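This briefing covers strand pairing, the nonpolar core, cysteines and overall figures, in that order. Please keep the structure open while reading.

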Amino acid sequence: MNVLGRGVPFRSLRARITLLATLLAAGVSLILLWLAWRLVGDAVAAVPQMPPGTTVRVDGVDVDASALAGHLRDQARQRVLVVGAVAFCCVVAAAGVLAWTLTSRVLLPLREITTTARRLSVESMGERIGGLRSRDELAELATTFDEMLDRLQAAFEAQRHFVANASHELRTPLAVIRTELEVTLADEEADAAELRRMGEVVRDATHRAEQLVGSLLLLARTDGAGVVTNEPVDLAAVVGSAWRAVEGEAGQRRLRAEFHTGPAVVTGDPALLERVAGNLLENAVRHNVDGGWIEVRTQAGQGWSVLRVRSSGGLIDPVTVAELFEPFRRSGTARTARSGAGLGLSIVRAAVLAHDGTVTAEPVVGGGLTVTVHLPATIAR
């Protein structure tokens with residue numbers, strides 16, 4: 001199995017490198033041969049001149065002294081050409097063989113990288129190249145490739161988990177609707193009251209499915225996307241608007257709300273920022289205890305504007321706090337609880353990251369949760 005394709009590209013790369021090395025060696029050899037030819041000619045030209053009429057025997061041939069220098073030069077150059085031609089062929093052949101052999105060894109790590117890449121699929125994302133024997137650029141490439149595979153595997157796992165949870169969440173209201181319809185239709189004596197009860201159950205299940213689909217769409221639009229609208233937004237104002245939407249539900253549960261909302265201006269999308277505050281307040285109300293408390297604070301800091309929502313509630317394991325920002329995770333409730341879709345904090349995290357901010361959470365001593373959002377503050381001019 002070859003490196004970059006099914007038999008041809010690796011050999012082609014190896015052949016190109018070998019040819020390049022051979023041509024380079026041939027060029028250098030030709031230059032050296034030409035220099036030797038010139039140097040021999042110049043050296044022979046410096047032979048002392050003999051008196052006219054003198055005969056000199058060279059290689060069994062009598063040569064006139066006046067033509068001695070030319071005769072020696074021709075013989076020397078001819079020998080240089082013969083010996084140089086033999087040496088040239090040997091050097092070029094040796095360069096070709098060495099280049100072909102060394103190229104195979106040099107490209108061996110690249111063959112391992114490509115072989116691993118060809119075997120990979122969604123089902124075998126756990127394979128890695130591992131450490132190579134070499135410590136060169138190819139080893140760095142292998143390390144980078146393994147790091148990329150780690151990120152891809154994490155993304156595939158998160159996507160698979162997300163799809164499984166979304167399917168489960170959507171299956172629950174659909175199963176409720178189907179069950180109610182089948183039971184009611186099977187009852188031939190069902191009266192108007194029974195049909196009304198069935199209609200209310202179907203309406204609630206449909207509303208839950210609609211909320212879930214809406215949350216999924218909002219998360220898909222927000223996660224990994226930038227902010228389209230940029231304008232000054234006061235976090236204190238969006239908190240006030242978001243609280244009005246849940247104030248009635250908080251009153252029914254006798255929750256005490258305390259607000260410390262100082263000016264905290266940021267630049268961003270007003271709708272997304274209001275959704276951040278709305279989701280945090282909805283979680284604080286719905287995952288609270290009857291007669292509990294909520295504390296909301298907004299303030300401007302050094303380069304950052306802060307939104308903090310603290311609330312009472314059930315006990316939360318500090319180890320699992322970070323998981324609350326994952327889709328379909330709820331604090332203190334089962335994953336299949338009827339209230340909420342389990343996407344509130346996931347949407348908060350996606351929206352905050354889209355604004356180049358950070359969001360953290362920590363449990364409250366005695367039960368409850370504190371969520372803190374830091375967003376880049378708008379500099380007043």
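Strand β4 (residues 256–261) pairs with strand β6 (residues 293–300) in the parallel sense, over six bridges. The model is a predicted one. Strand β6 also pairs with strand β7 (residues 304–311), and that pairing is antiparallel.

**Strand pairing around β6**
- Between β4 and β6, Phe 259 has Val 296 of β6 as its bridge partner.
- Seven bridges join β6 to β7.
- Across the antiparallel pair, Gln 299 stands opposite Val 306 in β7.
- β6 and β7 form a hairpin, with three residues between the two strands.
- Gly 303 lies in the turn of this hairpin and has a positive phi of about 85 degrees.

**The largest nonpolar core**
- The largest nonpolar core contains 36 residues.
- Val 276, Leu 280, Leu 307 and Val 373 have the most contacts inside this core.
- Two or more core residues come from each of the helices α6 (235–252), α7 (270–286) and α8 (344–354), and likewise from the strands β6, β7 and β9 (369–376).
- Helix α7 gives the most to the core, with eight residues.
- Which residues does Leu 280 touch, leaving aside its neighbours within four places in sequence? Leu 280 is in contact with Leu 307, Val 309, Leu 345, Val 348, Val 371 and Val 373.
- As a general point, nonpolar side chains tend to be buried together in soluble globular proteins.

**Cysteines**
- How many disulfides does the count give? The count comes to zero.
- A disulfide is a covalent bond between the sulfur atoms of two cysteines, and the cut-off used here for the sulfur pair is 2.5 Å.
- The cysteine sulfur closest to that of Cys 89 belongs to Cys 90 and is 6.9 Å away, so the two are too far apart for a bond.
- Taken from the other side, the sulfur of Cys 90 has that of Cys 89 as its closest cysteine sulfur, again at 6.9 Å and therefore too far for a bond.

**Overall figures**
- The protein has eight helices and nine strands.
- Of the 381 residues in the protein, 37% are buried.
- Among contacts between residues at least 6 apart in sequence, 70% join residues at least 24 apart.
- The accessible surface of the protein is about 22,400 Å², and carbon and sulfur atoms account for 60% of that surface.

Notes: Residues numbered from 1 in each chain as written. Predicted model: local features only at pLDDT ≥ 70, side-chain atom pairs only at ≥ 80, totals over all residues. Heavy atoms only, no water. Pairing = 2+ DSSP bridges. Helix = DSSP H or I, 4+ residues; strand = E, 2+ residues; numbered from the N terminus. Buried < 20%, exposed > 50% of the residue type's maximum accessible area, 1.4 Å probe, protein only. Contact = heavy atoms within 4.5 Å. Areas by Shrake-Rupley, 256 points an atom, 1.4 Å probe, with all protein chains shown as cover. Core = buried A, V, L, I, M, F, W, Y, C linked by side-chain atoms within 4.5 Å.
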